[in-house]
Amino acid sequence: MTFLQQLEQRWQQGHFVCVGLDPEYERLPATVKEGRSQEEALTYFACALIDATADLVCAYKPNIAFYEAYGDAGLRALGRIIAHSKKSRPEIPVILDAKRADIGSTNLGYVRSSFDLLQADAITVHPYLGKEAMAPFLKRADKGVIVLAKTSNPGSGEFQDMLVGEQKEPLYLTVARNVARYWNDNGNCALVVGATYPDELKRVREVIGDLPLLIPGIGAQGGDVAATVRAGRDSRGWGMIINSSRGIIYASSSSDFAQAAREATAALEADINRYRG
């Protein structure tokens, strides 16, 4: 299945939670680290989370920075974690949160490393270099290309809110409009809009139709579930990949971390479906 087909299947079953698999070795429960190398501990932790939550999620999203921070051990762990997800639950897409973008020839390397080597189903990218440079990603019709529009961080407005073009609309809205109209030839594009900006989320949804939205910012960043769902749902009440990382993976610091993560995921899923309409 393509990335979008995988998502559609999960949405049909009422699953809209994306779990951010962003482990920090220092924060892992002592029972996870005991008797395990750094690579083994990171792998065990994330794979246990996958096994505990797989029937509740629409996707997993490892952020590559949390693995690069530990060098070769971290990158080996990332490969093992994605491989475990693909083997145990191949129907659930894995989004590599890497925020890549460069000139076209360099992007070929990013495509090979993320899609062919790591076997991710989708990747996050910057739009700053334009459609032409992003062609190596966009040509992979089976994979998802998730473009940053309005990010969840407090300082995102420095550039993203700048008024541009003849219509003097915010830059994030121009990005969203262009991706929906001109980038999505293969039906494999999505956009990132933070839950911390529900008004902006609503504006993006209005201009992109039913294009999927990856929505970070729920949980530790303080995004409101009700406002997010009401602003972000598509015409079917779907279209949302609502991510929570720390709020789920660190729901417990003890040996029951996987069960606690499952309970947090189930609670978030229930909240989303309560407001989906």
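Helix H1 contributes the most to the lining of the largest cavity, supplying three residues. The model is predicted, and the count comes to one cavity of 30 Å³ or more. The structure holds zero disulfides, and one of its cysteines, Cys189, belongs to the cavity lining.

**Cavity: space and lining**

- The largest cavity encloses about 30 Å³ of space.
- Its lining consists of Phe3, Leu4, Leu7, Gly187, Asn188, Cys189, Ala190 and Pro212.
- Two elements, helix H1 (3–12) and strand E8 (189–193), each provide at least two residues of this lining.
- Sorted by class, the lining comprises six nonpolar and two polar residues, with no charged residues.

**Cysteines: absence of disulfides**

- A disulfide is a covalent bond between the sulfur atoms of two cysteines.
- For Cys47, the closest cysteine sulfur is that of Cys18, 16 Å away, and therefore too far for a bond.
- For Cys189, the closest cysteine sulfur is likewise in Cys18, at 18 Å, so this pair is also too far for a bond.
- A disulfide would require the two sulfur atoms to lie within 2.5 Å.

**Cysteines: burial**

- Cys47 is buried, with a relative accessible area of 10%.
- Cys189 is also buried, its relative accessible area being 3%; this residue lines the largest cavity, and strand E8 (189–193) is one of the elements that supply the lining.

Technical notes: Residues numbered from 1 in each chain as written. Predicted model: local features only at pLDDT ≥ 70, side-chain atom pairs only at ≥ 80, totals over all residues. Heavy atoms only, no water. 1 Å grid on protein atoms, 1.4 Å probe; cavity = no way out; pocket = protein on both sides within 12 Å on 5 of 7 lines; lining within 4 Å. Points joined across faces, edges and corners; volume = space filled by probe spheres on them. Helix = DSSP H or I, 4+ residues; strand = E, 2+ residues; numbered from the N terminus. Nonpolar A, V, L, I, M, F, W, Y, C, P; charged D, E, K, R; others polar. Buried < 20%, exposed > 50% of the residue type's maximum accessible area, 1.4 Å probe, protein only.
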